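Work through the exercises below with the model open. Each task is followed by its solution.

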Amino acid sequence: MHLKVRNFGQIKEADVEFGDLTIIVGQQASGKTLFLELLKLLHESKGISKRYEEIFPRTPEEKIKAYFSQSMDNILTDDTLIELNGNKITKSTIWDMGDGNYDNILYIPAQRALCFDEGRLKSSTDFTESPEVINLFLNYLTNQIYERASIAAKKTDFLKFDGFKNPIFYNAEVGLKKEPKGSSLVLRLNGDIIPYMAWSSGQREFTPLLLALERFSKIGKQQNIIIEEPEIGLHPKAVLDFMKIITNNYLNDRQIIISTHSNVPLEFAWTINNLPQNQVGFLTELFGGTLNSISNKKIKVYAFENNNGETSVKDISNLNTLSENTIEAEWGGLTNFISRATELMYKYEE
């Protein structure tokens, strides 16, 4: 995939050629989410348009507002340029993209934990003015939860989910428990049931992501994946464990895009891009096991840099800390503080 945009929202210019694994960094409000939402729209606009038409007829402009959220009146202008894989797209053709589906890309948004209220899924009416990716993700989770809940209602008071072998859960099992108001997410540890609101913030943030990936493992074999801020609520070691899970289980036959404010995914990318000749021994000693075919994958890193309200996008895939390009040397700003502090230490020690 290769996406170019110019004058799109706050993004002045971006030219992103996605790798097998692509990591995107940048400060808040630099346009990362808008760019990734656009990528999904360009692969699914026919299907999303059909979804809107089933509710009530909308003009192309109304669909844009419904997709990006109601405040995005001027996100597309006459000066906007969009080019996907060499094909130019205009305001008049943007709703003609895709094959009629709206699940070609699994988009896991940063607001994923908001889909649950005390362990029960919220209704889509709670997100009427939210970006469409949140509604689509809620729909994705709803299918997963309701399918499992129907099984739980027939078979047991507690039905556990698979795919939750992660340090943030330790020996606890994530599952559904039948309740008068409907099935809700709970943890079961040593026979005790722990309600959703007693979970750690990391457990609540990470669970919707893992639920989506569990469903994806069963039905999403051809999809690519976008994941926003997988590090929310997690210790750096858990973020690294997540990167290993994603690499081993999902990278073989699809592209994965991660936006992040954590330096851990970039440390992971730097390590993989600089593998020594004895890759097997190195990976085994570093990670406690090999990573399936990672050495043959292309890893790209892009930094969204906002200056005076306008964002430009830089390819910093080399992650060279000695680069003359500050945005690359400081890994998109993630190491800005320690770099500046080190410089000042040398200055004041002289």
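The expected span of a helix is 1.5 Å times one less than its number of residues. Helices (H or I, at least four residues) and strands (E, at least two) are DSSP runs, numbered from the N terminus. This is a predicted model, in which local features need pLDDT of at least 70, side-chain atom pairs count only at pLDDT 80 or more, and totals for chains, interfaces and linings use all residues. Residues are numbered from 1 along each chain as its sequence is written, and side-chain values use heavy atoms, with hydrogens and water left out.

**Exercise 1.** Compare the expected span of helix H5 with the distance between its end C-alpha atoms.

Step 1: H5 covers residues 236-250, which is 15 residues. Step 2: at 1.5 Å a residue, H5 should span 21 Å. Step 3: its end C-alpha atoms are 21 Å apart, so the two values agree.

**Exercise 2.** Find buried residues of H5 and what they pack against.

Step 1: buried means under 20% relative accessible area, exposed over 50%, partly exposed in between (1.4 Å probe, protein chains only). Step 2: the buried residues include Ala-238, Phe-242 and Tyr-250. Step 3: the buried residues of H5 pack against several elements, among them strand S3 (21-26) and helix H4 (201-219). Contact means heavy atoms within 4.5 Å.

**Exercise 3.** Place Leu-114 and list its contacts beyond four places in sequence.

Step 1: Leu-114 sits in the loop between strand S6 (105-108) and strand S7 (116-117). Step 2: its relative accessible area is 47%, so Leu-114 is partly exposed. Step 3: with neighbours within four places set aside, Leu-114 touches Lys-122 and Phe-127.
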